[in-house]
Each structure stands twice: as C-alpha cells, then as structure tokens.
Amino acid sequence: MLAQKINNLLSDNEYVNVTVSGVFLPSDDDWVAMISPSDSDVKSCPLKKSRYVQTGDLSKLPLLCHYPVKAQFMSNDPDYLKCTKQECKKYNNTNCEVSACSGTISFHVINIRTDIEFVFFSGGFETPCILTRSGPMKFSNPNQPLHGHISSIDSTATSMRLTWVSGSEETQLVQYGDGETLTSKAKTFSQDDMCTSVLPSPAKDFGWHDPGYIHSAVMTGLRPSTSYSYRYGRDYIGSGSVYITPDSGGECGVPYETYFPMPTPAKDKPWYSIEQGSIHFTVISTENDWTENSEQYEWMTKDMGSVDRSKTPWLIFTGHRTMYSSSTNRLFDLDDRFSKAVEPLLLQHKVDLALFGHVHNYERTCSVYQSNCLAMPTKDRNGVDTYDHSNYSAPVQAVIGMAGFSLTKFSKFVNANTRQVQDSFRITKRQNR
C-alpha cells in the first residue's frame with residue numbers, strides 16, 4: 001500500500017490518495033483506516049464489542065484495539081472490485097499468468113499534530129485483519145495555530161471570543177481592528193481528565209488522542225455592525241447528569257468545556273441566555289437537573305420571565321434532549337418527565353420556537369402543547385409553511401439533530417400531531433402581545 005506523498009510530510013489541510021495494490025481477490029469487505037498516532041495497537045478486538053457501547057451509538061463500528069480517525073471501504077473506488085487496474089505478478093514468456101488488482105481512495109487530512117498511518121484491512125469492521133501498513137507520516141508543522149473560530153460572549157456585541165488550537169502551550173498573539181493586540185491563554189486536558197467505569201471507555205482507555213492546546217482571547221472594544229479583520233497565533237467523572245449515561249464514551253463534557261467556553265454561571269452549570277437583535281435565546285442543559293424547584297428550573301423561570309417582549313419580541317428555547325420525536329427508539333430518545341416539568345414553562349412564557357437535538361434526524365411539529373396541536377401552519381404561495389403567532393397558541397418545536405453519527409430511523413406509525421417535513425417554514429412576526 002502506498003500513501004502518495006512526497007517525503008511523507010503533510011500540510012495543514014490536504015487530500016491524500018491511498019493506493020492499494022497486489023490484491024488477488026478484491027472484496028467489498030476490504031477497507032483502509034487512518035490511524036493516529038502511528039504506533040497505536042490496531043489489532044482486532046472482536047471479543048470486546050461491549051466497550052463501544054460507551055460511545056452512545058450502537059452502529060456498526062470498526063472493532064479495533066485503538067479507534068481510527070477515519071475509515072472507508074476500498075469499494076469507494078469502483079475500479080477496485082472490478083479489477084480494472086491490473087498488474088502482472090507472474091509471466092510465462094510474454095504472457096501474464098497471474099494478475100493482481102489495485103485501487104485508490106482519497107482521505108481528507110487536516111493537521112492533528114501527531115503522525116498518522118494508513119492501514120489496509122480485510123474482514124470488514126466486525127472481524128478486521130491487518131494486511132499491510134503505509135508507514136508513519138508526519139505533519140510538517142505540528143505546532144501550527146489552526147482552526148480559529150469566534151463566538152459571542154454576551155448580548156452587547158462589543159466583544160468576541162477567539163479560540164484556536166495549537167501544538168504549543170506558549171502564549172500567542174492576536175492582532176485585530178486598527179492595530180489592537182492581546183495575548184492568549186492556553187488550556188488543555190489530558191487522558192487522566194477523561195472518565196471510565198466498569199467498562200473501559202474509548203475516550204480514556206483505547207481511543208485517546210492528544211488535543212493539543214486550546215488558546216483563547218477576548219477581543220474587546222468592538223462596535224456593532226462593523227467589520228473587523230484579525231490574525232491569531234503569531235509569536236470529568238461525576239458530571240452531575242440526571243441520566244445514567246456513558247458520558248460520550250468517557251469525555252464527561254471535558255473537551256467541549258475546554259474548546260467552547262460559554263457564558264455559563266459556573267463549571268457544570270451549562271445554562272445561559274443571550275440576546276441577538278430582536279431574539280432572546282434561553283439555552284438549558286437537559287443533562288442537569290431541570291425538575292421543579294431545582295436551580296436550573298428556577299433560572300429558566302426567571303430568565304424567560306424577564307424578557308421585555310416589546311423590545312425583544314422573539315423567544316427561542318433550546319436544549320439537547322427533545323420533547324417530541326417519532327424515533328423508533330423512544331425508550332432512549334424521549335423522557336416524559338422532562339416534558340411534564342418544562343413544557344408548561346414554554347407555554348407560560350410564550351416561547352415561539354424550541355430547538356432540540358439528541359435524535360439524529362430532522363422533524364418539526366405544529367404549534368403543540370401536551371401532544372395536542374393547538375394550531376397548524378398554512379402554506380404561502382411559495383409552499384412555505386407559515387405559523388401565525390399574532391394570536392399565540394403554543395410553541396413550534398423542531399428536532400435539528402441531523403449532524404449525528406448516523407441518522408435515526410423514523411417509525412412507520414407517526415402521530416398526527418407531529419409533522420415530518422423537509423421544506424422551509426416561517427413564523428410570522430407579531431406585534432406586542
């Protein structure tokens with residue numbers, strides 16, 4: 001197998017073509033994994049399938065002793081199974097007696113700082129068998145500052161947080177606006193920060209990858225509706241969840257809290273609100289206690305009740321676990337206790353739109369309360385569903401978990417009060433209520 005690179009040095013963002021050759025019997029079970037670091041143990045671990053339960057997803061996964069960064073089947077090159085590309089391995093005079101097949105697939109590779117290796121397997125994901133390895137490939141600059149993103153930290157629009165990742169812990173510089181400068185603060189997390197239980201967890205025990213250092217700096221003194229340019233990078237166990245879950249395979253919220261600082265009241269109190277223009281966003285944690293009289297419940301009530309709807313007419317509520325879904329896995333995807341406790345607050349404070357994830361698909365409801373449609377949308381001349389909140393009846397709820405690992409199947413029997421739709425929708429602006 002050959003990973004086609006000059007000097008095996010990788011840039012920060014590129015596509016690497018991996019060519020497998022010398023295969024006498026191509027199979028649709030042949031696949032290639034991208035492994036990092038390159039010295040990881042990638043033997044087959046078929047008897048330890050239970051370890052993967054902690055990922056929270058029971059889809060078919062590569063049962064290796066170390067989890068691959070990426071993987072794909074060789075059949076993604078249609079010439080591979082057809083053996084269109086052949087190489088003669090044995091000649092009888094000028095006639096070829098034995099031929100072998102080859103194929104090429106492409107991997108999108110970004111700088112993850114540690115060296116990588118491509119490994120060719122047979123046997124599919126369930127019973128993988130190593131056939132050959134490419135050898136280690138290194139990134140040309142593992143300390144490069146990369147993957148910057150900005151996020152708002154309050155409702156004033158006068159400051160923005162800039163966050164990026166680097167292989168170096170050293171303080172790095174941010175330049176923005178008309179020459180303003182500031183320095184970063186760096187954080188990271190280690191393998192010891194991850195959690196485990198009776199079963200080994202992929203985040204801690206067999207899938208760990210060093211995250212590098214997460215740098216952060218807050219750009220202040222900004223003016224709303226103004227464009228700015230900027231440059232950057234120059235010179236848990238016991239998470240308090242109300243659910244008994246594997247905590248994302250042992251992550252316990254540590255990576256997301258490090259990568260994405262939020263304007264939350266304190267560590268492990270991941271609820272907050274923010275206003276953007278005419279919209280007030282109330283963001284809760286469905287994993288923390290939301291029962292009546294809990295700290296988060298009291299905060300929700302106070303936050304939504306404090307919105308001046310004459311100045312900020314729109315109220316959007318969002319959390320992770322959904323109140324409504326036609327998922328086939330209703331036992332794990334819905335919690336009636338959550339709806340019973342929190343849904344009355346949505347109606348009481350006239351929430352316009354509620355956004356949820358958890359179920360890996362897209363769905364939206366009518367204007368719904370306690371599983372009853374109190375109002376249905378009407379289609380405009382462009383076929384867009386329009387919800388008229390001039391005469392408010394109930395919130396519209398949408399499940400927006402399409403970015404999940406694999407899409408959740410819908411039940412064949414759908415409650416008439418939910419609408420599985422993929423077209424556009426609109427909630428009309430109303431005057432003071």
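1. How much accessible surface does the protein have, and what share of that surface belongs to carbon and sulfur atoms? In this predicted model, the accessible surface comes to about 22800 Å², and 51% of it belongs to carbon and sulfur atoms. Of the 433 residues in the protein, 42% are buried, and the secondary structure amounts to 7 helices and 28 strands.

2. Strand β20, which spans residues 314-318, deserves a closer look: 5 of its 5 residues are buried, so the strand is largely enclosed by the rest of the structure. Trp-314, Ile-316 and Thr-318 point one way from β20, while Leu-315 and Phe-317 point the other way. This can be read against the general rule that side chains in a regular strand alternate between the two faces of the sheet.

3. Strand β20 has parallel pairings with β19 (residues 279-283), over 5 bridges, and with β21 (residues 353-356), over 3 bridges. Ile-316 of β20 stands opposite Phe-281, whereas Phe-317 has Ala-354 in β21 as its bridge partner.

4. As for the connection, the chain passes from β19 through helix α5 (residues 295-305) to β20, and this β-α-β crossover is right-handed.

5. Elsewhere, 3 strands form an open sheet of mixed pairing, in the order β24-β25-β28. Strands β24 (378-379) and β28 (425-428) stand at the edges with a single partner strand each, so one side of each lacks a neighbour in the sheet. Strand β25 (residues 385-388) runs parallel to β28 and is joined to it by 4 bridges, with Asp-385 standing opposite Phe-425 in β28.

Definitions and conventions
Residues are numbered from 1 along each chain as its sequence is written. This is a predicted model: local features need pLDDT of at least 70, side-chain atom pairs count only at pLDDT 80 or more; totals for chains, interfaces and linings use all residues. Side-chain values use heavy atoms; hydrogens and water are left out. Two strands pair if DSSP finds at least two bridges between them. Helices (H or I, at least four residues) and strands (E, at least two) are DSSP runs, numbered from the N terminus. Buried means under 20% relative accessible area, exposed over 50%, partly exposed in between (1.4 Å probe, protein chains only). Accessible areas come from the Shrake-Rupley method with a 1.4 Å probe; for residues, only the protein chains shown count as cover. A crossover is right-handed if, with the strands pointing away from the viewer, the path from the first strand over the helix to the second runs clockwise.
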